[in-house]
Structures are given as structure tokens and as C-alpha cells.
Amino acid sequence: MSKATIKTFEIGGKTISIETGRLARQADGAVVVKMGDTMLLATAVSAKEAKEDVDFMPLTVDYQEKFAAVGRIPGSFHKREAKLSDYEVLVSRIIDRALRPLFPENYHADTQVMVQLISSDKNMLPDCLAGLAASAALMVSDIPFNGPISEVRIARINGQFVLNPFIDELANADMDLIVAGTEKDLNMVEGECSEVSEEDMLAALKLAHDAIKQQCKAQWELCEMLGGRKPAREYNHERSDEALEQHIREFAYDKVMAIAKGALGKNERSEGFKAIRKSYIETFYPEGSEAQPDKFLINKYFHHVEYDAVRAMILNDRTRLDGRKLDEVRPIWTEVDYLPAAHGSAIFTRGETQSLTTVTLGTKLDEQLLDAPMNAGYAKFLLHYNFPSFSTGEVKPNRGPGRREIGHGNLALRGLKRVLPGLEQNPYTIRIVSDILESNGSSSMATVCAGSLALMDAGIKITGAVSGVAMGLISDDKSGKYAILTDILGDEDHLGDMDFKVVGTAKGITACQMDIKINGLKWEMVEEALKQAKAGRLHIMNEMNKTISAPNTDYKPHAPRIETIIIDKDFIGAVIGPGGKVIQGIQKDTGTTISITEVGDKGIVEVAATNGDSMNKAVAIIKGIVAVPVVGEVYDGKVKSVVDFGAFVEFLPGKEGLLHISEISWNRLATMEGVLQVGEEIKIKLIDVDKKSGKYKLSRKVLLPRPPRAEAPKNEQKSEGETAADATA
């Protein structure tokens with residue numbers, strides 16, 4: 001047996017261990033992280049050489065959950081793990097965003113980190129351990145990595161902060177965050193809240209960072225148990241030419257600075273930068289000359305010049321690429337009810353970023369089936385974010401949503417779901433789709449704003465309008481200067497040090513996502529960014545309120561109406577009928593859609609219709625099926641058959657009783673001929689239920705005026721039950 005090295009420590013009252021040396025020994029680094037019955041296998045492998053002329057970090061992070069870890073066989077047709085689910089992609093992104101800033105800027109070898117759930121405690125979400133596992137695998141390898149980092153979940157449950165809480169505890173959480181960082185700084189935050197304050201958010205981040213420090217310390221101690229951390233492998237992945245870099249800087253810096261200060265639009269600014277680059281090549285590498293431009297290095301050094309010039313302008317002049325002040329939001333215009341056939345729609349435009357968003361209302365049958373080891377069940381709130389290439393003026397094939405689209409959609413979903421009404425007010429399955437039609441930064445926040453507007457346009461009684469803003473940071477360690485930017489542009493995101501998205505209502509924060517690209521983020525910066533974000537959110541919300549400030553009082557005329565009926569579990573079979581015959585018949589006859597869910601000892605029947613008469617008809621049928629006949633009640637009945645001694649009348653769906661010839665009229669009837677016809681509708685009263693047989697006895701005559709007593713014709717017989725007192729009355 002391979003000798004394993006194990007480091008054990010405790011976080012939040014839970015014991016965690018990191019083991020290495022037993023599994024996956026051909027990977028550059030491999031560990032197993034365990035907490036309770038949950039076990040994650042993390043591996044890290046990096047190519048020995050970088051591909052030619054690569055100037056970025058080609059990092060791939062994959063998180064996957066094995067169905068065997070929870071004792072399940074996959075529900076898919078192939079019965080095996082397939083491509084990563086959206087949930088696994090989201091966890092992969094969280095790990096990636098925490099790791100990526102910690103690799104050396106000049107390291108460009110293909111690197112893959114894989115984290116697999118191989119055993120699971122069904123009451124523990126493993127994503128809180130995934131970052132720790134990934135970092136530990138890199139720390140025991142020789143891959144250049146300026147770690148360690150770690151991640152922790154922090155939730156506030158019944159007013160108390162809890163680290164790495166159990167799943168059943170999260171049901172009572174008003175704050176649920178995944179926080180990542182190094183021993184010194186935070187570098188990633190992702191989560192959702194129930195309208196919490198900026199002060200409470202900051203308190204949660206500080207507690208989470210204390211736990212992160214402990215987990216980073218444990219990784220160093222694991223390395224010491226192995227005899228010290230392995231020396232990082234040698235590499236030389238960047239071609240360089242210092243003379244060329246200096247030459248380009250002297251030629252281009254002032255020109256680039258002039259373009260940056262021009263307050264131009266995105267396309268004009270981009271074309272201006274390209275023109276400077278083209279001018280440089282034409283000046284020093286004219287056609288026909290022997291010298292050929294090294295386009296890779298020229299592009300690289302021009303990017304360096306743009307990076308330095310834009311950042312210097314913002315730090316020194318306190319102004320931005322489009323001429324705005326640091327805390328100024330771009331111009332906003334909004335519109336609702338733009339699409340007449342949708343159940344709800346909105347356009348949200350902020351500067352050069354635009355979202356066209358729709359809301360579609362569906363029934364329980366439209367719920368999404370989730371089939372993942374730790375994320376099984378049904379979802380009735382869906383949000384999909386689409387980012388077509390034309391939104392940035394590019395040409396790319398449409399191959400479905402990528403990891404970025406899934407991540408942006410999830411952030412918007414988290415920001416909006418906390419304001420949705422409960423089942424009593426909202427029986428619908430809701431799908432929001434945001435199509436980004438223009439993009440120059442903060443498209444996920446445009447999705448949040450457009451989603452809030454579209455929900456109100458659809459008549460969904462959300463508890464408050466929701467807006468979102470993306471915050472940026474430009475900082476300089478040497479001078480100590482920094483600038484926090486409200487509503488960042490795409491270039492400010494690309495050239496900046498932070499992307500901090502904050503979503504919330506007028507009452508507080510509902511979701512956030514923060515990515516830090518540098519070391520040295522101070523708490524006062526985080527606090528300032530949160531305060532500035534609040535002002536930005538409220539400004540945006542005020543602009544949205546000019547279009548619509550409260551949900552419409554009713555749904556659109558063409559939107560489905562849903563009525564919920566609670567029935568005893570014993571009646572579910574009666575509503576469905578043999579082989580679904582009854583429920584299918586109701587749907588066919590009324591044009592409605594009906595779904596039934598068993599919850600405890602009750603059945604929840606949802607009836608959806610776009611026509612009020614259809615809805616009323618279906619509801620009446622179902623209520624009739626489940627109704628318990630009450631002696632003394634009056635019912636509308638329909639004659640089903642006529643016999644010599646009376647008629648059988650259906651007075652509730654599926655329930656028939658005998659209307660005896662003696663109970664039809666106060667007059668004595670000698671025969672049923674010509675008295676009642678099959679299909680005739682009459683009012684009857686339930687007068688008795690036979691205790692042995694359960695048969696129903698009906699009467700019609702008790703509902704008719706009693707005629708004055710007259711001498712009975714000779715051809716009439718006494719009705720059964722007529723007494724002597726009746727005869728003399």
C-alpha cells in the first residue's frame with residue numbers, strides 16, 4: 001500500500017483532512033480532502049512547455065460529481081456521467097476564479113485542475129471544499145503557483161454566522177456566500193442574500209477570511225510533512241525584446257493617452273488604438289523593407305502601453321475612458337411591454353450595454369428536472385442569459401451557452417429569486433431569458449435590471465424592484481493611489497484590478513460576485529466599494545422606477561391562469577382515473593392543463609387555463625370529484641338512466657343516487673313514462689346514505705312547493721311513506 005501523508009485540522013467544529021500520496025500518483029499533484037463522509041479527489045497537471053506565442057494562462061478547471069458518490073445510477077439514457085451540468089460548471093468557475101490570479105504572469109503552459117466528488121455526505125455541499133482541494137493539489141506539485149488559496153462557505157442562520165453549514169441548515173439562511181482568498185487577501189466572493197446590509201456583508205467576509213487563513217496554514221503544514229514544498233519547475237514561456245518594448249512605448253504612449261482622454265465610444269476608441277498600432281508598423285516596417293514586424297511582440301507591447309496609459313489617466317486625472325466621473329453611472333433608458341406576445345418583457349439599456357428580456361409563465365409541468373448527484377429535484381425558476389456575437393460587433397458561430405453565459409445567468413437568477421413571492425401568490429414556473437443585444441461591460445447587471453422590469457410587467461408580485469451594478473478598481477502599489485469605479489466599461493474590466501458585482505433592492509443586497517486580480521486588497525477598499533455600489537444601485541433603481549415602479553395588478557390577457565386546489569390524498573386516484581382517463585378527459589373537454597403533486601397527506605392540484613370559462617369548468621369538475629356528499633345538501637343533477645321505479649341521477653362527478661318514483665313529485669306517479677328524460681338537468685336533495693351499501697337516496701319533491709290537499713284522482717296511488725296524517729291534512 002502506498003504511504004499516505006495526512007494533515008488534519010478543524011474548521012467551524014468540523015474535522016477536515018488532506019491526504020496525499022495514496023491516489024493518482026502520476027499527476028503532478030493529487031490530494032484527497034475529506035470532511036465527514038464527503039471526499040474530493042483533486043489533481044493538477046501542467047504541460048512541460050508552453051505553446052508558441054501564447055501570452056495568457058491556459059488554465060482549465062473541471063469539477064465533477066460522481067453518481068456513485070451518493071449511491072445513485074445516472075438517470076440519463078446512457079446511464080453514465082455526461083458533460084458537466086450547469087451546477088458543476090458553476091463550481092468549476094468558482095475554483096478557476098480563485099486560482100487564476102495566483103499563477104505567475106509569465107507562466108503559459110497548458111494546466112488542468114480536476115476536482116471529483118468520490119464520496120458524499122448527503123447533508124453536506126462539497127463545493128465549500130473544492131477550492132481547498134484544488135489549491136492543495138497544486139501546492140504538493142512543482143507547478144509554479146503563488147498560493148495557497150482556500151474557499152469556505154459562510155451562511156447566516158437564525159442570526160448566527162455558520163462556517164460550512166449542513167444542507168438542512170441552509171433552509172433558514174438569509175445569507176449564503178462562498179468566499180475565497182489567500183492568507184493575506186480575499187480574491188473571490190459569490191453568493192446570495194435576503195436584502196442584507198453592506199455592514200453585515202463585510203462582517204461575513206471578515207469571518208470567512210479568518211477560516212481561509214487556517215486552511216492556508218494547513219496546506220503549508222502538509223508541505224512541511226512532505227519535507228518542504230517542491231521547488232517550482234523552471235520555465236521560459238515569454239519571448240521578449242526590451243529595445244522593441246521601449247521603442248513602442250516612446251512612439252505610442254502619448255498618442256494612446258490622447259485617445260484615452262478623448263471620451264470616445266467603444267468602437268471609436270478601439271479603432272483609434274488600432275490606428276496607432278498600424279501607424280507604427282507602416283512607419284518602421286514599410287512595404288518592401290527587409291525587416292519584418294514581430295506582430296506577436298508588437299501586439300503584446302501595445303497592450304502594455306494601453307494598460308499603463310489608461311490606468312495612469314484614471315488614477316491621476318480621476319476621469320474615465322468615456323469622460324465620466326469615478327462614481328457616475330452611464331445614461332439609462334428602459335421600456336416594458338415591448339413584445340406583445342410575451343407574458344412579460346423589458347428593454348434595459350445602460351450606455352452601450354442593452355438587454356432584451358422576456359418572462360414566460362408556465363405550469364408545474366414546465367419545471368426543470370435536475371439530475372445531478374448533489375443537485376437533484378425540480379426547479380421552477382429559470383433564468384437564461386444569451387450573449388450573441390453581434391452584441392460586440394463580432395462574427396462567431398453560435399454553439400450554445402458557454403461557461404461565461406451559465407455563470408452570468410446564475411448570478412442574475414440569484415439576485416432575483418429572493419424577491420419572488422411564495423407559492424400562494426405565485427403558482428407559476430417562471431422562465432426569464434435575457435438576450436444581450438449590445439455589450440460594453442456589466443451585461444449581467446443589465447440582465448438583473450431587465451429581469452426585474454419584465455417580472456413587474458408580467459404581473460408577478462415581487463417584493464421589491466432589483467437593480468445591479470458592477471464596480472471596478474484601479475490601484476498602484478508604488479504610489480498607494482487607488483480609484484473605485486462605478487458601472488465599469490468592458491475595457492475598465494479588462495484593464496482593471498477588480499470586478500465586483502452587487503445586486504439588491506432598496507432594502508439591501510440580494511446577490512454579489514467579486515473577482516480580484518491583484519494581491520493587496522484592503523478592507524477599507526471593500527467597504528468603500530460596497531458603499532459606492534449602494535449609491536449606484538439606488539440611482540439605477542430610480543431610473544427604472546420612472547418606467548414601472550410596482551408589479552402590474554393583473555397578468556397579461558394571454559398569460560395562463562393557475563388555480564390551486566388542495567385535496568385529500570385519497571382522492572388523487574379518483575381525479576386521475578384508471579390509466580389517466582379522468583384527468584385526460586377533463587383536459588380535453590375544457591382545454592386546460594392539470595398537474596397533481598402529492599405532498600404529505602394532501603394532493604395539490606394545479607389547473608392552468610387561458611380562458612376563464614375553461615378554468616371554471618375544470619375546477620368545478622375536480623371539486624365535484626373530490627367533494628364528499630352531505631346529507632341535506634342540494635345539488636344540480638343530471639339524469640343518467642330511467643327505470644320503472646325511478647331514475648338514477650348523477651349529482652356529483654362520478655357519484656349517482658336513486659331518485660325513487662315516490663320522491664319525484666308530491667303527486668302519486670303510476671309510471672315513469674314521460675316524467676324524466678336521460679340527460680335532463682334537475683335539482684335534487686340528498687336525503688339519506690345507506691349505512692351498509694353506501695348508496696345515495698335522492699329527493700326532488702322536497703324542493704317543490706307542496707300543493708294544497710285535494711281529493712286524489714282515482715287513477716293515482718298513495719306514494720310510499722304517505723301517512724294517515726298526510727291524508728287528512
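**Exercise 1.** In the open sheet of this predicted model, work out the order of the strands and which ones sit at the edges.

*Solution.* Start with the pairing: the 5 strands run in the order β11-β12-β13-β17-β16, and the pairing is mixed. Now look for strands that pair on one side only: these are β11 (332–336) and β16 (381–386), so they are the edge strands. As for twist, neighbouring strands are turned by 15 degrees against each other on average, ignoring direction.

**Exercise 2.** Take β16 and β17: how many bridges join them, and do they run parallel or antiparallel?

*Solution.* Count the bridges first: there are 6 between β16 and β17 (residues 429–438). Then check direction: the two strands run parallel. For a concrete spot to look at, find Leu383, which stands opposite Ile432 in β17.

**Exercise 3.** Find which strands α8 and α9 lie across.

*Solution.* α8 lies across β16 and β17, and runs at about 140 degrees to β16. Next, α9 lies across β11, β12 (344–350), β13 (353–362), β16 and β17, at about 145 degrees to β12.

**Exercise 4.** Describe how α8 and α9 pack against each other.

*Solution.* You need two numbers, since a packed helix pair is described by the angle and the distance between the axes. For α8 (residues 403–417) and α9 (residues 443–458), these are about 40 degrees and 9 Å. The helices are therefore oblique to each other. The crossing of α8 and α9 is right-handed.

Finally, the contact itself: in α8, the residues include His408, Leu411 and Leu416, and they meet a set in α9 that includes Met445, Val448 and Gly451. By class, this α8–α9 contact has 5 nonpolar, 6 polar and 1 charged residues.

Definitions and conventions. Residues are numbered from 1 along each chain as its sequence is written. This is a predicted model: local features need pLDDT of at least 70, side-chain atom pairs count only at pLDDT 80 or more; totals for chains, interfaces and linings use all residues. Side-chain values use heavy atoms; hydrogens and water are left out. Axes are lines fitted to C-alpha atoms, for helices over the stretch in contact, and angles run from 0 to 180 degrees between N-to-C directions. Helices (H or I, at least four residues) and strands (E, at least two) are DSSP runs, numbered from the N terminus. Angles under 35 degrees count as roughly parallel, over 145 as roughly antiparallel, 65 to 115 as roughly perpendicular and the rest as oblique. A crossing is left-handed if the near helix is turned anticlockwise from the far one by less than a right angle, and right-handed if clockwise. Contact means heavy atoms within 4.5 Å. Ala, Val, Leu, Ile, Met, Phe, Trp, Tyr, Cys and Pro count as nonpolar, Asp, Glu, Lys and Arg as charged, and the others, Gly among them, as polar.
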